[in-house]
Amino acid sequence: TIKSIFEQSSYEELKEIAVVVQLADFDSAWCEGMVQDISQKFAHHIIAGRLIVIHVSEDYYPVLDGLKRNYNDPKDHVKFRSKQNVDYAFLLNFCANLSDYYVMLEDDVRCSKNFLTAVKKVITSREGSYWVTLEFSKLGYIGKLYHSHDLPRLAHFLLMFYQEMPCDWLLIHFRGLLAQKEVMRFKPSLFQHMGYYSSYKGAENKLKDDDFEEELFDIPDNPPANLHTNMNVFENYEASKAYSSIDEYFWGKAPSTGDFYGIVFEKPIKISKIKVVTGTEDRQNDILHHGALEVGEKIVGSKNGRQCTTYLRLGEFKNGNFEITDVEHKVLFDINCMRILVTKSQKEWLIIRSISVWTSQT
């Protein structure tokens, strides 16, 4: 895992990360051997202050024997998962003041190339919106991102309920208690579980994340924007879900000619590429059958009712999708707005699965 983190990061990315490895075994001879091994392999990262190895003495742990068996787990499994909660609490507490953000990884993980840049783009795209946990893998406690200011609270939470349930269940409660109701999971996944053995007694654990991609070439920027539509939104599949990097979508009831989905950027931008995908694998007919994509300038209106007065049509949707490159050479103004326009009424509902915008530097 350590090797993968460093190898998959560029020199520039390495300047922005610190890796903290916790040796959670109580066997001090094993820990010493591991420290030597890590020191030999990654000496220059340790000297650069990028790699820190910590260990907590058994004396500081709460009682781990004779604990409650809430799920009728075997006694030794209750001990294993309870100790793991305390391990994580110590690790979180140590990391609380090291950085702005914290990503939890396990010890048998492979990272995708330039994962830090991908994470930073997602953080930027969520600017101004509230979140507690962003997930970059769908497995266990892998690839979960927190604000570092939440770490002391999370550490307390894991200690308080250490014997109640496994850490990945406690995390869901923590997120919910801090009022983030829905999972915010980014695709493709940036981290993959490698090992075939669980840390618990070497039991087999063949979990694999099928959304993992090792090479992430082209991640959209999706700069901060306000989103609105005059379509009839189904339940809570609101407009913001199509523009998010999270695995969600917008769903509107049968749209009519002239209906639109609008994006008003917080500041004028130059765009290099736009890609819009409608429909999903299980609802392949809920696509935009007849539509166009337009970009606009000259903002009018107040904070919430801002819109553009002039629009330029960049092209039509084909089979529910739209993609265009070299936009900065085709559009001579800085873009304030973007909209998807329904050009012919349809009886099918409309899912806008993803809207991706790549900016070019002004």
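# A walk from helix α5 to a small set of sheets

In helix α5, the residues V78, R81, S82, K83, N85, V86, D87, Y88, A89, L91, L92 and C95 are buried. Buried here means under 20% relative accessible area, while exposed means over 50% and partly exposed lies in between, with a 1.4 Å probe and protein chains only. Helices (H or I, at least four residues) and strands (E, at least two) are DSSP runs, numbered from the N terminus.

Before we go on, a word about what you are looking at. This is a predicted model, in which local features need pLDDT of at least 70 and side-chain atom pairs count only at pLDDT 80 or more, whereas totals for chains, interfaces and linings use all residues. Residues are numbered from 1 along each chain as its sequence is written, and side-chain values use heavy atoms, with hydrogens and water left out.

Back to α5, which covers residues 75–95. Its 21 residues reach 31 Å from the first C-alpha to the last, close to the expected 30 Å; that expected span is 1.5 Å times one less than the number of residues. What lies over its buried residues? The cover includes the strands β1 (19–23), β2 (51–55) and β3 (101–104), along with the helices α7 (151–160) and α8 (167–177).

Now step back to the whole chain. It holds 10 helices and 16 strands, and its C-alpha atoms fill a box of roughly 70 × 45 × 40 Å along the principal axes. Of its 362 residues, 48% are buried. Contacts (heavy atoms within 4.5 Å) often link distant parts of the sequence: among those with a separation of 6 or more, 73% join residues 24 or more positions apart.

One of the strands over α5, β3, also leads us into a sheet. Strands of a sheet pair through backbone hydrogen bonds, either parallel or antiparallel. In this model, two strands pair if DSSP finds at least two bridges between them. The sheet with β3 is open and has three strands in the order β3-β6-β5, paired antiparallel. Because β3 and β5 (134–135) stand at the edges with a single partner strand each, one side of each has no neighbour in the sheet. Two bridges join β5 to β6 (residues 144–147), and L134 stands opposite L145 in β6.

Further along the sequence, strand β15 (residues 335–342) is a good place to stop. How many of its eight residues are buried? Seven of them are, which leaves the strand mostly covered. Six antiparallel bridges connect β15 with β10 (residues 260–269); G262 has R339 as its bridge partner, and V264 has C337. Another six antiparallel bridges connect β15 with β12, where A292 is matched with L341.

From there the pairing can be followed outward. Strand β12 is joined to β13 by eight antiparallel bridges, with V300 facing Q307 as its bridge partner. Strand β10 pairs with β8 (residues 225–229) over five bridges, again in the antiparallel sense, and L227 has I263 as its bridge partner there.

Between β12 (291–300) and β13 (307–316) runs a loop, and R306 is found in it. Is R306 buried or exposed? R306 is buried, since its relative accessible area is 19%. Leaving out residues up to four places away in sequence, R306 touches N226, H228, V264, F265, E266, I299, V300 and G301. By contrast, G279 is 27 residues from R306 in sequence and 28 Å away in space, C-alpha to C-alpha.

Our last stop is an empty space. A cavity is a set of points, on a 1 Å grid over the protein atoms alone, where a 1.4 Å probe fits but cannot get out, and lining residues have an atom within 4 Å of a point. Grid points are joined across faces, edges and corners, and a volume is the space filled by probe spheres set on the points. The model has one cavity of 30 Å³ or more, and the largest holds about 30 Å³ of space. Which residues line it? The lining consists of I269, K270, I271, V327, E328, V331, F333 and I335. These divide into six nonpolar, no polar and two charged, where Ala, Val, Leu, Ile, Met, Phe, Trp, Tyr, Cys and Pro count as nonpolar, Asp, Glu, Lys and Arg as charged, and the others, Gly among them, as polar.

Methods. On a 1 Å grid over the protein atoms alone, a cavity is a set of points where a 1.4 Å probe fits but cannot get out, and a pocket is an open set with protein on both sides within 12 Å along at least five of seven lines; lining residues have an atom within 4 Å of a point.
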